[in-house]
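This report looks at how the parts of a protein assembly pack together, going from one helix to its surroundings and then to the relation between the copies.

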Number of protein chains: 2
Amino acid sequence: MQYRCEVYIRPRADILDPQGDAVNNALANLNFQGVSEVKVGKYLTLLLESDGQSAAEEQLDKMCQTLLANPIIEDYEMKVTEA
Amino acid sequence: MQYRCEVYIRPRADILDPQGDAVNNALANLNFQGVSEVKVGKYLTLLLESDGQSAAEEQLDKMCQTLLANPIIEDYEMKVTEA
């Protein structure tokens, strides 16, 4: 069966995020007020052919650990739904 | 009130996504099978001080249009919840 997978990757809370700071400053320069704690991460979507929901989740988690995310400096969440 | 905002940005369906293709190939090289249609986008989180939910959503939408996303080549979705 085919599964639609989404992965949300963000810098860990205790890690500096210069890209987020840059966006924060840019928003302030554009007169957007009241913005704080901007964090910039990655959003991946993919289709995965797998035997079942839990197998798909396991595979996706392995992909995250190996390639998609850097678990030392990033947190990630996954969403797997039948396509 | 303070709102926790999430923005999911992804390349539009009809736009080439070379970064997604690269990840697709890398996954294949690492022997992950059955993966297709990888798309790489951005995942932003921020805190926003605003008068109410709808005002916050409107402000965030303006930020997306102006700076966070490129509406010509990217689609975006937003999630705004009370912090």
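In this predicted model, the buried residues of helix α2(A) pack against three strands of chain A, namely β1 (2-11), β2 (35-49) and β3 (74-82), and also against α1 (18-29) and β2 (35-49) of chain B. The buried positions of α2(A) are Ala56(A), Leu60(A), Met63(A), Cys64(A) and Leu68(A); viewed down the helix axis they fall within an arc of 100°, so they line one face of α2(A). The face turned away from that buried side carries Ser54(A), Glu58(A) and Lys62(A), which are exposed.

Helix α1(B) can be described in the same terms. Its buried residues are Gly20(B), Val23(B), Asn24(B) and Leu27(B), and because they cover an arc of only 105° around the axis, they lie on the same side of α1(B). Pro18(B) and Asn29(B) are exposed on the other side, while the cover over the buried residues includes β2 and α2 of chain A together with β2 of chain B. After α1(B) comes Asn31(B), whose phi is positive, near 70°.

The lengths of the two helices are set out below.

| Helix | Residues | Expected span | Span between end C-alpha atoms |
|---|---|---|---|
| α2(A) | 16 residues | 22 Å | 20 Å |
| α1(B) | 12 residues | 16 Å | 16 Å |

For α2(A) the span is thus only 20 Å where a straight helix would give 22 Å, whereas for α1(B) the two values agree.

Which residues touch the most other members of the largest nonpolar core? Within this core of 21 residues they are Val7(A), Leu44(A), Leu46(A), Met63(A), Leu68(A) and Val35(B). At least two residues come from each of β1, β2, α2 and β3 of chain A and from each of α1 and β2 of chain B, and α2(A) gives the most, with five residues. Beyond its neighbours within four places in sequence, Leu44(A) is in contact with residues of both chains, including Val7(A), Ile9(A) and Leu68(A) as well as Val23(B), Val38(B) and Val40(B). A second, separate core of 20 residues has Ile9(B), Leu44(B), Ala69(B) and Val80(B) among its members.

Finally, chain B is superposed on chain A by a rotation of 180° with 0.0 Å of shift along the axis, at an RMSD of 0.0 Å, which is the relation of a two-fold axis. In chain B the C-alpha of Lys42(B) is the nearest to this axis, at 2.2 Å. Both copies use the same surface, since 100% of the contact residues of chain B recur in chain A.

How values were computed:
Residues numbered from 1 in each chain as written. Chains lettered and ligands numbered in written order. Predicted model: local features only at pLDDT ≥ 70, side-chain atom pairs only at ≥ 80, totals over all residues. Heavy atoms only, no water. Helix = DSSP H or I, 4+ residues; strand = E, 2+ residues; numbered from the N terminus. Expected span 1.5 Å × (residues − 1). Buried < 20%, exposed > 50% of the residue type's maximum accessible area, 1.4 Å probe, protein only. Arc of directions from axis to C-beta. Contact = heavy atoms within 4.5 Å. Core = buried A, V, L, I, M, F, W, Y, C linked by side-chain atoms within 4.5 Å. Least-squares fit on C-alpha atoms with pLDDT ≥ 70 in both.
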